[in-house]
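Colleague: I would like a close look at one part of this model, with the cut-offs behind each term spelled out. Please take me through it in a single connected account, and then place it among its surroundings.

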Amino acid sequence: MKVFVTGASGFIGSAFLSELVSSGHEVVGLARSEESASKIESVSPSVKALRGDLKDLDILKRGASESEAVVHLGFIHDFTNYAQCCEIDRQATVAMLESLKGTNKPFIYTNGTLVLRPGKVANEKDTVDESSKCLRAATEETALSYKDKGVSVRCIRLAPSVHGKGDKGFVPVLMSIAEISGKSGYVGDGQIVWPAIHRSDAARLFRLVLEKGRAGKAYNGIAEQGIPLKDIAQLIGEIVNVPVVSIPEDDAEKHFGFMAVFVTNDGPVSSEATQEELGWKPQQLGLLEDVRINYRPT
Ligand SMILES: NC(=O)c1ccc[n+]([C@@H]2O[C@H](COP(=O)([O-])OP(=O)(O)OC[C@H]3O[C@@H](n4cnc5c(N)ncnc54)[C@H](OP(=O)(O)O)[C@@H]3O)[C@@H](O)[C@H]2O)c1
């Protein structure tokens, strides 16, 4: 299948590219720079770059309409300007979906599990939490509504920590907060949990959802349902060699900055239905083991 992939040069996108190529798919990857274009084209002759930005809606429509499927992994991770990044994501998603109306082509929207209601184990049947502070919740709902407009749209909700070599996500950010502040913090009693998934398991899941997923469905990209943040803080404390401390919830923003919203969200998530439907089983290292072996402070 010829697949248009946004975010093809990213942390998850680059693992997904290799997964697609080794399964015989052809890829057109969105690339906003010469560097990203060469990076993705060096993977295989069956990968071609389409130069453009997530704000270039005509380019996105072209990439989508000239391919047999779309996987939208691109996102501008500027947490100081998060609302604007989410609006760019919404417009990009809608532009691609509009160009696919009536074609029944597969489209995968990527989201995070933070759009789900916290405080209980969420599953694939859960729709996004209406009170979610995450603005990508509404975009997921909009995307899934294109099932009724002739697009075979699916959503993958990824754990807040997708880990592996080259991770620049939340664990490295917590590590640098620990280095700078001289303490590795967790909120309250530390029993708030985060799900996690290794990026190679995530990449395989994306391929299976592309090949076998069903229209209008959300799949959970989760290998570990919930790891106590206290355990993550403990490990970071050992690696960075700083004391591990409880941070009162009222001080979370002061200590964690933009991460406060993530470290105060108790969000266990199951992927049982995803695993059963797709015959997918996570195979890689768990988060704590991966961090212990492979992560070092910057
Ligand atoms: N990593 C995680 O822990 C995690 C957890 C939950 C959800 N997610 C979601 O999974 C998706 C992929 O994440 P990731 O970790 O792979 O992200 P990433 O490493 O930051 O990669 C982002 C991708 O988007 C591209 N991009 C950024 N701004 C762009 C722009 N203005 N125009 C065109 N392309 C642009 C980047 O291109 P360049 O290479 O040129 O910069 C890169 O290919 C995102 O939706 C993310 O929010 C990730």
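**The interface between the two domains**

Modeller: Across the interface of domain 1 and domain 2, 17 residue pairs are in polar contact, both residues of a pair being at pLDDT 80 or more; a polar contact is a pair of N or O atoms within 3.5 Å, where within protein one must be able to donate a hydrogen and the other to accept it, and residues adjacent in sequence count only if both atoms are side-chain atoms. On the side of domain 1 that touches domain 2, the elements giving two or more residues are α1 (11–22), α7 (199–212) and β10 (217–221), and the largest share, nine residues, comes from α7. Helices (H or I, at least four residues) and strands (E, at least two) are DSSP runs numbered from the N terminus.

Since this is a predicted model, local features need pLDDT of at least 70 and side-chain atom pairs count only at pLDDT 80 or more, whereas totals for chains, interfaces and linings use all residues. Residues are numbered from 1 along each chain as its sequence is written, and side-chain values use heavy atoms, with hydrogens and water left out.

The chain is divided into domain 1 (2–160 + 198–222) and domain 2 (162–195 + 225–294), with bounds that come from an automatic or database domain assignment. The C-alpha centres of the two domains lie 24 Å apart, and 32 residues of domain 1 are in contact, meaning heavy atoms within 4.5 Å, with 31 residues of domain 2. The size of an interface is often given as the accessible area lost when the parts come together. Here domain 1 and domain 2 bury about 2900 Å² between them, 62% of it on carbon and sulfur atoms, where buried area is the accessible area (1.4 Å probe) that two parts lose on being put together, summed over both. P160, H198 and I222 supply 23% of the area that domain 1 buries against domain 2, more than any other three residues.

Charged pairs form another part of the picture. Two salt bridges are counted between domain 1 and domain 2, a salt bridge being a side-chain nitrogen of Lys or Arg within 4 Å of a carboxyl oxygen of Asp or Glu. The side chains of K217 and E277 meet in a salt bridge at 3.0 Å, N to O, and E19, R207 and E211 are linked in a network of salt bridges. The structure holds 14 salt bridges. Among them is the pair of R51 and E34, whose closest N and O atoms are 2.6 Å apart; this pair links distant parts of the chain, with R51 in strand β3 and E34 in helix α2 (residues 34–41), 17 residues apart. R51 is partly exposed because its relative accessible area is 41%, while E34, at 54%, counts as exposed; the classes are buried under 20%, exposed over 50% and partly exposed in between, with a 1.4 Å probe and protein chains only.

From there one can turn to helix α12 (residues 287–294), whose buried residues are L287, D290 and V291. Seen down the axis of α12, these residues fall within an arc of 95°, so they line one face of the helix; the arc is that of the directions from the helix axis to the C-beta atoms. An α-helix has 3.6 residues a turn, so residues three or four places apart point the same way. The buried residues of α12 pack against β7 (161–163), α6 (170–181), β9 (193–198), β11 (224–228) and α8 (229–240). A charged pair also joins α12 to one of these elements: E238 forms a salt bridge with R292, the closest N and O atoms being 3.3 Å apart, and the pair links distant parts of the chain, with E238 in helix α8 and R292 in helix α12, 54 residues apart. R292 is partly exposed, at a relative accessible area of 47%.

One further residue gives a contrast with these charged side chains. T93, in helix α4 (residues 82–100), counts as buried because its relative accessibility is 1%. A polar atom of the side chain of T93 lies 2.7 Å from the backbone oxygen of D89, and, not counting residues up to four places away in sequence, T93 touches H72, F107, Y109, T139 and A143.
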